[in-house]
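Dear colleague,

Please find below the structure that I am handing over to you, together with its sequence. My notes on the arrangement of its strands and helices follow.

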Amino acid sequence: MHEHGETGSTPQEAPQRKGFMLVLSSPSGAGKTSLARKLLEVESDIAPSISVTTRSRRPTETDGVDYWFVTPEQFTAMRDRGELLEWANVFGNLYGTPKMPVEQTLEAGSDVLFDIDWQGGAQLRKAAPHDVVCVFILPPSAEALRHRLRSRATESPEVIEKRLAGAPHEIDAWQDYQYVIVNDDFDQSLANLRAILRAERLRRERQTRLPEFVAQLQQEL
Ligand SMILES: Nc1ncnc2c1ncn2[C@@H]1O[C@H](COP(=O)(O)OP(=O)(O)OP(=O)(O)O)[C@@H](O)[C@H]1O
Ligand SMILES: Nc1nc2c(ncn2[C@@H]2O[C@H](COP(=O)(O)O)[C@@H](O)[C@H]2O)c(=O)[nH]1
């Protein structure tokens, strides 16, 4: 039975949330970018962190949407000015997270979604252990990973083989992540990711108005 409004008491303001950082990492080609894109389409109150990178832009990518594409000099200058929340060298290119947009989104009470490697995940966990939720995405098999990376064909065959060769080492990080999703069926993986997001939003410590709400509730009873 829906009891709301039946007592005649004044409806109270809904408790508000504290935003958190949702980090997706995986070996290259496991599907984290596809899952991240879809999650942003179907969920609200979550914004992507747009990284800066020195990697060349793929034809399918847009500057300022997928990444901010910068020169090594621009990257180093940003890093040295302390403008990056984390950064790493991944497969010979530099990648980093601009600090200010993340801080602004969190302060506004929304969540931030990161598609970053294990080195970045470790740096964020160290900087803000209570505000980071880490999800590791695994491929269902070695063959599936090879197939996904090769058929995506966004890199040269040499770079694809380099990324595949690095996969066992990247996978080593899986035990540092709170959640693990084996990305076999895409829709199921998305549903699991949405379940994580929903549950993490309900954590007591993220519902910032709960103490007042509960105190008022107890007073009125
Ligand atoms: N569950 C899935 N089943 C089949 N194909 C998938 C699945 N998830 C993603 N893919 C495909 O696998 C390829 C790699 O996915 P994606 O680019 O999202 O990987 P990634 O983890 O972000 O890789 P990278 O780290 O290299 O950026 C894409 O072509 C994508 O469409
Ligand atoms: N530590 C960081 N890693 C990042 C960041 N942005 C992306 N990445 C990771 O790099 C690899 C390769 O990405 P690709 O787009 O070239 O395929 C992948 O694991 C990304 O998650 C970042 O800002 N920091």
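In what follows, two strands are said to pair if DSSP finds at least two bridges between them. The model is predicted, and the protein chain has an average pLDDT of 93, with 93% of the residues scoring at least 70. The scores for the model are ipTM 0.98 and pTM 0.94.

The five-stranded sheet

With that meaning of pairing, five strands form an open sheet in the order β2-β7-β1-β8-β9, and the pairing is parallel. The edges are taken by β2 (46-48) and β9 (179-182); each has a single partner strand, so one side of each is left without a neighbour in the sheet. From one strand to the next, the twist averages 25 degrees.

At the β9 edge, four bridges link β9 to strand β8 (residues 132-138) in the parallel sense. Within this pair, Ile-137 stands opposite Ile-181 in β9.

Helix α1 (residues 32-42) lies across β1 (21-25), β2, β7 (111-115) and β8, and its direction is at about 160 degrees to β7.

The four-stranded sheet

A further open sheet consists of four strands in the order β4-β3-β6-β5, and here the pairing is mixed. Its edge strands are β4 (68-69) and β5 (84-90), each of which pairs on one side only. Strand β3 (residues 52-53) and strand β6 (residues 93-98) run antiparallel and are joined by two bridges. Across this pair, Thr-53 stands opposite Tyr-95 in β6.

Two helices should be mentioned together with these strands. Helix α2 (residues 72-80) lies across β3, β5 and β6, running at about 40 degrees to β6. Helix α3 (residues 99-107) packs on the sheet and touches β5 and β6, its direction making about 35 degrees with that of β6.

Helix pairs

Helix α1, which lies across strands of the five-stranded sheet, also meets a helix. The axes of α1 and helix α7 (residues 186-201) come within 10 Å and cross at roughly 60 degrees. Angles from 65 to 115 degrees would count as roughly perpendicular and those under 35 as roughly parallel; α1 and α7 are therefore oblique to each other. The crossing of α1 with α7 is right-handed. On the α1 side the contact is made by Leu-35, Lys-38 and Leu-39, and on the α7 side by Ser-189, Leu-190, Leu-193 and Arg-194. Sorted by class, the contact of α1 with α7 has four nonpolar residues, one polar residue and two charged residues.

How do the axes of α5 and α6 cross? Helix α5 (residues 142-152) and helix α6 (residues 157-171) have axes that come within 10 Å and cross at roughly 155 degrees. An angle over 145 degrees counts as roughly antiparallel, and α5 and α6 are therefore roughly antiparallel to each other. Their crossing, too, is right-handed. Leu-145, Arg-146, Leu-149 and Arg-150 of α5 make the contact with Ile-160, Arg-163, Leu-164 and Ala-167 of α6. By class, the contact of α5 with α6 has five nonpolar and three charged residues, and no polar ones.

With kind regards

How values were computed
Residues are numbered from 1 along each chain as its sequence is written. Chains are lettered from A and ligands numbered from 1 in the order in which they are written. This is a predicted model: local features need pLDDT of at least 70, side-chain atom pairs count only at pLDDT 80 or more; totals for chains, interfaces and linings use all residues. Axes are lines fitted to C-alpha atoms, for helices over the stretch in contact, and angles run from 0 to 180 degrees between N-to-C directions. A crossing is left-handed if the near helix is turned anticlockwise from the far one by less than a right angle, and right-handed if clockwise. Two residues are in contact if their C-beta atoms, placed from the backbone, lie within 7 Å. Ala, Val, Leu, Ile, Met, Phe, Trp, Tyr, Cys and Pro count as nonpolar, Asp, Glu, Lys and Arg as charged, and the others, Gly among them, as polar. pLDDT is the predictor's confidence in each residue, from 0 to 100.
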